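Reader: I am new to this structure and would like a close look at a single part of it. Please take one strand, go through it slowly, and then work outward to what lies around it.

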Amino acid sequence: MSRRVYITGLGMISAIGNNVPESFLSLSQSKTGIGKINHLTTRYKDEFLAGEIKLSNEALADLVKDNNPALNRNSYIAMLAAKEAVINSGIDTNDGLRTGVISSTTVAGMGKTELYYKEMFEKDDHLNVLDTHDCGDSTERIADYLGNVDYVTTISTACSSAANAIMLGCRMIKHGQLDRVVVGGVDALSKFTFNGFNTLMILDREWCKPFDENRKGLNLGEGAAFVVIEGENTLNLRKGKALAEVVGYANANDAYHQTASSPEGYGATLAIQQALTMSGLTPSQIDYINMHGTGTPNNDLSESFATKAIFGNQVPKFSSTKAFTGHTLAAAASIEAVISVLSLQNSMIFPNLNFTTAIAETGLVPETTLVNTPLNTILSNSFGFGGNCSSLIFKKA
Amino acid sequence: MTKAYINGIGCISPQNSIDSEWFFDTINPAKGDYFDAIEPSYKEFIAPNLLRRMGRAIKMGVAAGNIAIQQAGIEKVDAIITGTGLGCFEDSERFLLAILNNDEQFLTPTSFIQSTHNTVGSQIALIMKCHDYNFTYVHRGFSFESTIQDALMLFEEGKETILVGGIEEHTPNFVILNRRAHKFQELQSNTPIWKSTTPGIQMSEGTAFFVLNKNKTDKSLASVDGIQTLYKPKTSADILNKLRSFLKLHGLILSDIDVTLMGFSDDVNFDQKLQELLPSIEKESVAACYKHVCGEYHTASAFAMWTAVKLIEKQTLPKVLAISDKAPSKIKHVLIINQYLGINYSFTLLSQC
């Protein structure tokens, strides 16, 4: 059994690029992927911005090289990002070792269900869309696309989903249940989630401004990101290369409200504290925080208080990268895990775009331009509905 | 190996399982080709101000969780882990239809908020003021199995008391559409369904919760000794080999298993591998099945686990579940072999403690 676990492969598709190199380019050029809505069918397409992947479903099908009509946008992007991570890691899923796929999603097949649901009551043509509605569908598509996968499961804990998938993957390796695991999350944009967040009145009609005093809400995004996680034993055996080490993780619950975070960020504080304890690091040893930072009044204030509760007056450099990608829900934590590894590898802090004024109550100021600085440790936060709070700590390998 | 001791159980199903005295004595037939869960009066389990807003899956989950917690006699847990294939489908459908019927206008957020898959787990956390670990698994026929796998790891990581549960609900529309997609067939009678020659299941719903403890206490009803999932096993021989290895890991052989609960679903295609497996099971163990009683759903294995605990408690196999003619002489070890759509297979081993 391995006591140490490493990230050995990265894969990502989102508004800022169709793969990791493209994403890195956008990040290092401070180029947001959020813009006018082109692919999502909604009556609000000219009123709101979103972080859409710049490819149609047809173009995605071409990239995946699979014309199976049962595939939906969620599956396409999940398959692409997972495959990129596996290729990047250099693992061979046919070598007889135990490989797992742990994915996460909130919207699952809803993006397709919503197109055909009413029609299904009249005609039989699209009844099979029901078979791909559930959260497990895209995970099994990934498993079959990669081939020879022994273990699959899927997590759905709203916007912290992928953090929990990463956490579960690390634990299963440490418990000796898997040799390596492809973990992450996926959420394509749908009318369902768009309208859900709109009725909650937490969408900004302009570019989101995380941690700004005048922030009005989030921009939704879509994406998928996966990382390959291996234990030290398996990695050493195949002489593979570690990109980063996962040294801390924790999940805690705010138990305050179904959708809102507690004003003082109690659950978030617990998650950060427990992840730090596990890592053996002191708060002062954290070099950078990739915040959840959605841009909603509630989240950013609550997260700021939690940050101050842990770090006091020595808050590390921090930023939210959601103004690049939009809030990609279940995929957010894995997208930000990939971004964090890119930060460690390239000694770069990617900026918190659109920020001008600090929140009066906390006075916290994020990094607003690209910072070139050696980074050894990164804390990444993700919080979701149901008070679900998760923190991960990555260390330079 | 770490075991989980089951200290409390709560189950809402198409049968009268909410009554702790019920033991397969009276059986409610299917409604033709599907089952509905029998819902209790929720007032004794859930505060009225909360109850008013909750969807059915949430009510069923919170109530079953509450029953399990009461039986275990505890006030706090160290983790809450739920499993559900479709989540709060009623709320999802309500919000979806509101979007489609009103062209994305005049929407209210309640059903969207409650449509989130982890709503049941987080509602229980809210009610219990539980700030600890809270996960929700949503993987088809592995949704409930994943909760047990996770709990067993958490015990090794130091947690002591964990609430796990499987939750599934369907809606009238979902039944209608799946029937039109030819997914169902009528259940001929409430007798074991291992010999199906035709496709079609009986779609169902239900919820079962369990309070698991790391250590045996005077409340312990049975132990979960191990669980394993198999994704798309190629042949029944493959399943049998993996089963023998799984049992060996726990120091057992198939003839040590007093009752084997098998997840026959009445669909000939999905049941094929279990049909092939049945002679080997009957030769060494006593075979039984459960989906003619609870119906088929993503987390039917949670009902199977509830059944296994009851068998161990009562030390008898009700005739309505039995496939084999022979009766078990004692019930020390119960094995569940579940399958979902012939894709997701799992083994769960429970023992008397």
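Author: What follows starts with one strand of chain A and moves outward to other strands, to helices and to the second chain. The model is a predicted one.

The part chosen is strand 8 of chain A, residues 223–231. Is this strand buried or exposed? Nine of its nine residues are buried, so the rest of the structure largely encloses it. In a regular strand, side chains alternate between the two faces of the sheet. In strand 8 of chain A, one side carries G223(A), A225(A), V227(A), I229(A) and G231(A), and the other carries A224(A), F226(A), V228(A) and E230(A). Both faces are covered, since every one of these residues is buried.

Which strands pair with strand 8 of chain A? One is strand 1 of chain A, residues 5–14, which pairs with strand 8 in the antiparallel sense over nine bridges. Within that pairing, I13(A) stands opposite A224(A). Another is strand 6 of chain A, residues 180–187, which is also antiparallel to strand 8 and joined to it over eight bridges. Here V181(A) has I229(A) as its bridge partner.

A second covered strand in chain A can be read in the same manner. Strand 5 of chain A, residues 151–155, has five of its five residues buried. Y151(A), T153(A) and I155(A) point one way from this strand, while V152(A) and T154(A) point the other way. Its pairing with strand 4 of chain A, residues 99–104, runs in the parallel sense over five bridges. S104(A) of chain A is found opposite I155(A) in strand 5.

Chain A also holds an open sheet of three strands, in the order 2-3-7, with mixed pairing. Its edges are strand 2 (35–36) and strand 7 (220–221) of chain A, each of which pairs on one side only. Strand 3 of chain A, residues 49–51, is parallel to strand 7 of chain A and joined to it over two bridges. In that pairing, the bridge partner of G51(A) is G221(A).

The helices come next. Two packed helices are described by the angle between their axes and the distance between the axes. For helix 6 (residues 161–174) and helix 12 (residues 332–346) of chain A, the angle is about 65° and the axes are 5 Å apart. That makes helix 6 of chain A roughly perpendicular to helix 12 of chain A. Helix 6 of chain A brings S161(A), A162(A), A163(A) and I166(A) to the contact, and helix 12 of chain A brings A332(A), A333(A), S334(A) and A337(A). By class, six residues of this contact are nonpolar, two are polar and none is charged.

Helix 4 of chain A, residues 110–120, leads toward the other chain. Its buried residues are M110(A), G111(A), K112(A), T113(A), E114(A), Y117(A) and M120(A). They pack against helix 3 (73–89) and helix 7 of chain A, and also against helix 3 and helix 7 of chain B.

A further contact between the chains joins helix 7 of chain A, residues 191–199, to helix 3 of chain B, with axes that come within 10 Å and cross at roughly 90°. These two helices are therefore roughly perpendicular to each other. The contact is made by K191(A), F192(A), N195(A) and G196(A) on the chain A side and by F95(B), L96(B) and I99(B) on the chain B side. Four of these residues are nonpolar, two are polar and one is charged.

Over the whole interface, 43 residues of chain B are in contact with 48 residues of chain A. The elements of chain B that give two or more residues to it include helix 3 (89–101), helix 6 (143–156) and strand 6 (222–231). The side of chain B that touches chain A has 21 nonpolar, 15 polar and seven charged residues.

Chain B itself has 11 helices and 10 strands. Its radius of gyration is 19 Å, close to the 20 Å that the globule rule gives for 353 residues, so chain B is as compact as a globular protein of that length. Of those 353 residues, 59% are buried.

Conventions: Residues are numbered from 1 along each chain as its sequence is written. Chains are lettered from A and ligands numbered from 1 in the order in which they are written. This is a predicted model: local features need pLDDT of at least 70, side-chain atom pairs count only at pLDDT 80 or more; totals for chains, interfaces and linings use all residues. A residue is buried if 20 or more other C-beta atoms lie within 10 Å of its own, exposed if 12 or fewer, and partly exposed in between; C-beta atoms are placed from the backbone. Helices (H or I, at least four residues) and strands (E, at least two) are DSSP runs, numbered from the N terminus. Two strands pair if DSSP finds at least two bridges between them. The radius of gyration is taken over C-alpha atoms; the globule rule is 2.2 Å times the number of residues to the power 0.38. Two residues are in contact if their C-beta atoms, placed from the backbone, lie within 7 Å. Ala, Val, Leu, Ile, Met, Phe, Trp, Tyr, Cys and Pro count as nonpolar, Asp, Glu, Lys and Arg as charged, and the others, Gly among them, as polar. Axes are lines fitted to C-alpha atoms, for helices over the stretch in contact, and angles run from 0 to 180 degrees between N-to-C directions. Angles under 35 degrees count as roughly parallel, over 145 as roughly antiparallel, 65 to 115 as roughly perpendicular and the rest as oblique.
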